[in-house]
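Here is an informal walk through a ligand site and the pockets of one model. Have a look at the structure first, then read on.

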Amino acid sequence: MKIYAAKDYNDMSRKAGNLIAAQVTMKPDGVLGLATGSTPVGAYKELIAKYEAGDLDFSRIRSVNLDEYKGLSGDHDQSYRYFMNHNLFDHVNINKEETNVPGGLAEDPEAECERYNRVIQELGGIDLQLLGIGNNGHIGFNEPCDVFEKGTHVVTLTEETRQSNARFFSSIDEVPTHALTMGIGNIMSARKVLLLASGEGKAKALYESCFGPITPNVPASVLQLHSDVVIIADEAALSLIREKTQWEDSVYDN
Ligand code: F6R
């Protein structure tokens with residue numbers, strides 16, 4: 001696990017943008033695993049700027065997103081399909097037919113999860129999986145629980161996650177109670193993982209994920225077992241790691 005320190009959100013986003021851009025350049029027909037939420041928005045802006053400058057070509061890139069709210073259509077402005085179109089896909093030359101997000105309105109959500117696992121498999125797996133992290137250590141919508149779920153599955157969102165995501169909805173009652181998410185197995189199968197974290201609210205989850213026991217109670221802690229994980233975190237998110245490990249440098253390699 002390599003941890004790179006960033007000064008702040010903008011610095012984190014620039015570093016992440018550079019890393020994802022390098023991936024797209026080195027494997028122009030590669031498969032990107034993408035995330036939603038506040039954290040990656042700045043990195044997506046960086047990618048759009050590089051595309052507009054003529055430095056990036058997404059025409060052969062394929063993508064799979066981590067998750068989608070159950071019950072929201074792709075047109076709903078809080079759906080993750082809408083988020084991806086709005087924050088990235090509409091602004092670069094990616095072929096939208098080659099972008100995948102779990103279907104939030106699937107009549108048979110279990111069958112949709114199976115289909116999504118097959119999509120990932122048929123794409124040949126994920127080259128680079130981008131992740132944010134929840135305040136409770138969740139990745140995708142793999143919430144703290146007793147087991148690591150392997151494949152794509154339907155989850156019940158925790159109250160904490162619904163509260164935290166309520167900022168995007170007009171009231172908490174509108175936040176869906178369930179989601180479809182890639183499982184820990186799907187994420188761990190990615191050839192490279194890039195986790196971004198910004199803000200003090202992530203400090204505890206980040207510390208526990210990197211230095212605590214590997215447990216499904218802190219889902220991101222499983223990343224300690226992955227052989228190629230890069231974390232880019234700003235100083236606020238790193239605050240507890242700095243305090244507990246006395247690490248002062250800008251790169252941590254363990
Ligand atoms: C989003 C996702 C979530 C978020 C996490 C952090 O696709 O899977 O795990 O990455 O909830 O959200 P933000 O970035 O809004 O703090």
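Let's start with one contact at the ligand: a polar backbone atom of Gly140 lies 2.7 Å from an oxygen atom of the ligand. Keep in mind that this is a predicted model. Side chains join in as well. Asp67 has a side-chain N or O atom 2.6 Å from an oxygen atom of the ligand, and for Thr36 a polar side-chain atom is 2.8 Å from a ligand oxygen. On its own, the ligand would expose 410 Å², and the protein buries 93% of that area.

Who else is around? The ligand is surrounded by 14 residues, and the closest are Thr39, Asp67, His138, Gly140 and Lys202. Sorted by class, this shell has three nonpolar, eight polar and three charged residues.

Now zoom out to the pockets. Which pocket holds the ligand? The ligand sits in the largest one. That largest pocket has a volume of about 510 Å³. It is lined by 29 residues, with Gly37, Ile133, Gly134, His138 and Lys202 closest to its centre. So much for the middle; as for the walls, helix α5, spanning residues 159–165, gives the most to the lining of the largest pocket, at four residues.

The second largest pocket has a volume of about 160 Å³. Its lining counts 15 residues, and those nearest the centre are Gly37, Gln78, Tyr80, Phe83 and Phe168. Here helix α3 (residues 80–87) is the element that gives the most to the lining, with five residues.

Here are the class counts for the two linings, next to the ligand shell:

| Group | Nonpolar | Polar | Charged |
|---|---|---|---|
| Shell around the ligand | three residues | eight residues | three residues |
| Lining of the largest pocket | ten residues | 15 residues | four residues |
| Lining of the second largest pocket | seven residues | seven residues | one residue |

If you want a place to begin in the viewer, try His138 and Lys202: they are among the residues closest to the ligand, and also among those closest to the centre of the largest pocket.

Note on methods:
Residues are numbered from 1 along each chain as its sequence is written. This is a predicted model: local features need pLDDT of at least 70, side-chain atom pairs count only at pLDDT 80 or more; totals for chains, interfaces and linings use all residues. Side-chain values use heavy atoms; hydrogens and water are left out. A residue is near a molecule or strand if one of its heavy atoms lies within 4 Å of it. A polar contact is a pair of N or O atoms within 3.5 Å; within protein, one must be able to donate a hydrogen and the other to accept it, and residues adjacent in sequence count only if both atoms are side-chain atoms. Accessible areas come from the Shrake-Rupley method with a 1.4 Å probe; for residues, only the protein chains shown count as cover. On a 1 Å grid over the protein atoms alone, a cavity is a set of points where a 1.4 Å probe fits but cannot get out, and a pocket is an open set with protein on both sides within 12 Å along at least five of seven lines; lining residues have an atom within 4 Å of a point. A molecule sits in a cavity or pocket if more than half of its atoms lie within 2 Å of its grid points. Ala, Val, Leu, Ile, Met, Phe, Trp, Tyr, Cys and Pro count as nonpolar, Asp, Glu, Lys and Arg as charged, and the others, Gly among them, as polar. Grid points are joined across faces, edges and corners, and a volume is the space filled by probe spheres set on the points. Helices (H or I, at least four residues) and strands (E, at least two) are DSSP runs, numbered from the N terminus.
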